Amino acid sequence: MKDIVRDGDPVLRQQAQNVSFPLSEEDKQLAADLMEYLEVSQNPELCEKYQLRAGVGLAAPQVGVSKMMASVLVPAEDENEKPIFKDVIINPVIVSNSVQRGALTEGEGCLSVDKEIPGYVPRAARITLKYQDVDGVEHKVRLKNYPAIVCQHEIDHLHGTLFYDHINKDDPFHREDDEVFIY
Ligand SMILES: OCN(O)CCCc1ccccc1
Ligand code: NI
């Protein structure tokens, strides 16, 4: 398990570099490590054993690698179902997003930010995301609700943005009329 870099390390505030294809052995290993972390962290026994915070996403800068790559694993409600979204998104670009905003009712956290920072993190309620997978295959997906929020959180990491940058300083729980709140 690679160590998670904490807020304060400059790598979390850098613009990550594009990844070239075909992936080098090093980048293939990085992609595997980023996804393995999520799988292990979402397994209750292993999560306990390795003392990991369960994660639904992990961006390369969070393991000290400033490259445009992040793993996303959003499990289904029923763990016997397949995940809602599972992939390593490489060179991701949000090509369009809804005007409507959305936020998680419980706010957000981050594996790189040890303290709780209360407040709504307003994001696009729906996005169209283009990315390449580890084989270099281009994907264009439309996401809403939790997967859309998680992908935006991860893509933020690739541009040196952390979730609390979006929280309204004067009124952390400010709600716009048309915002959707995701449970
Ligand atoms: O960057 C991933 N990471 O810090 C783990 C937490 C992911 C995450 C948590 C809340 C809302 C969106 C995404
Ligand atoms: Ni994070």
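**Aromatic rings and their surroundings**

In this predicted model, R175 sits over the face of F181, at 3.8 Å from the ring centre. F181 is also a member of an aromatic cluster, which it forms with Y120 and F173. A comparable arrangement involves a lysine: K115 lies over the face of Y164, and here the distance from the ring centre is 5.9 Å.

The aromatic residues offer a friendly way into the fold. A pair of aromatic rings is described by the distance of the centres and the angle of the planes. Four aromatic pairs are present in the structure. One of them brings together F85 and Y131 in an edge-to-face arrangement, with 6.3 Å from centre to centre and 70° between the planes. This pair links distant parts of the chain, as F85 belongs to strand β3 and Y131 to strand β6 (residues 126-132), 46 residues apart. Are the two partners buried or exposed? F85 has a relative accessibility of 8% and therefore counts as buried. Y131 is likewise buried, because its relative accessible area is 3%, and the cut-off for this class is under 20%.

Another edge-to-face pair is made by F163 and Y164, whose ring centres are 5.7 Å apart and whose planes meet at 80°. F163 is at 2% relative accessibility, so this residue counts as buried. Y164, the ring that has K115 over its face, is at 21% relative accessibility and so counts as partly exposed.

F163 also leads to R123, since F163 is among the residues that R123 touches. R123 is found in strand β5, which covers residues 123-124. With a relative accessible area of 3%, R123 is buried. Which residues surround this arginine, leaving aside those up to four places away in sequence? The contacts of R123 include Q100, R101 and G102, together with E108. Further along the chain, R123 touches I149, Q152, H153 and D156, as well as F163 and H166.

The surroundings of N80 can be described in turn. N80 is placed in the loop that runs between β2 (69-74) and β3 (85-97); the latter strand is the one that holds F85 of the pair with Y131. N80 has a relative accessibility of 69% and therefore counts as exposed, because the limit for that class is over 50%. Between the C-alpha atoms of N80 and Q14 there is a separation of 38 Å, and these two residues are 66 residues apart along the chain.

Definitions and conventions. Residues are numbered from 1 along each chain as its sequence is written. Chains are lettered from A and ligands numbered from 1 in the order in which they are written. This is a predicted model: local features need pLDDT of at least 70, side-chain atom pairs count only at pLDDT 80 or more; totals for chains, interfaces and linings use all residues. Side-chain values use heavy atoms; hydrogens and water are left out. Helices (H or I, at least four residues) and strands (E, at least two) are DSSP runs, numbered from the N terminus. Buried means under 20% relative accessible area, exposed over 50%, partly exposed in between (1.4 Å probe, protein chains only). Contact means heavy atoms within 4.5 Å. Rings of Phe, Tyr and Trp (its six-membered ring) pair if their centres lie within 6.5 Å; planes under 30 degrees apart count as stacked, over 60 as edge-to-face and the rest as tilted. A charge sits over a ring if NZ of Lys or CZ of Arg is within 6 Å of the ring centre and within 35 degrees of the ring normal.
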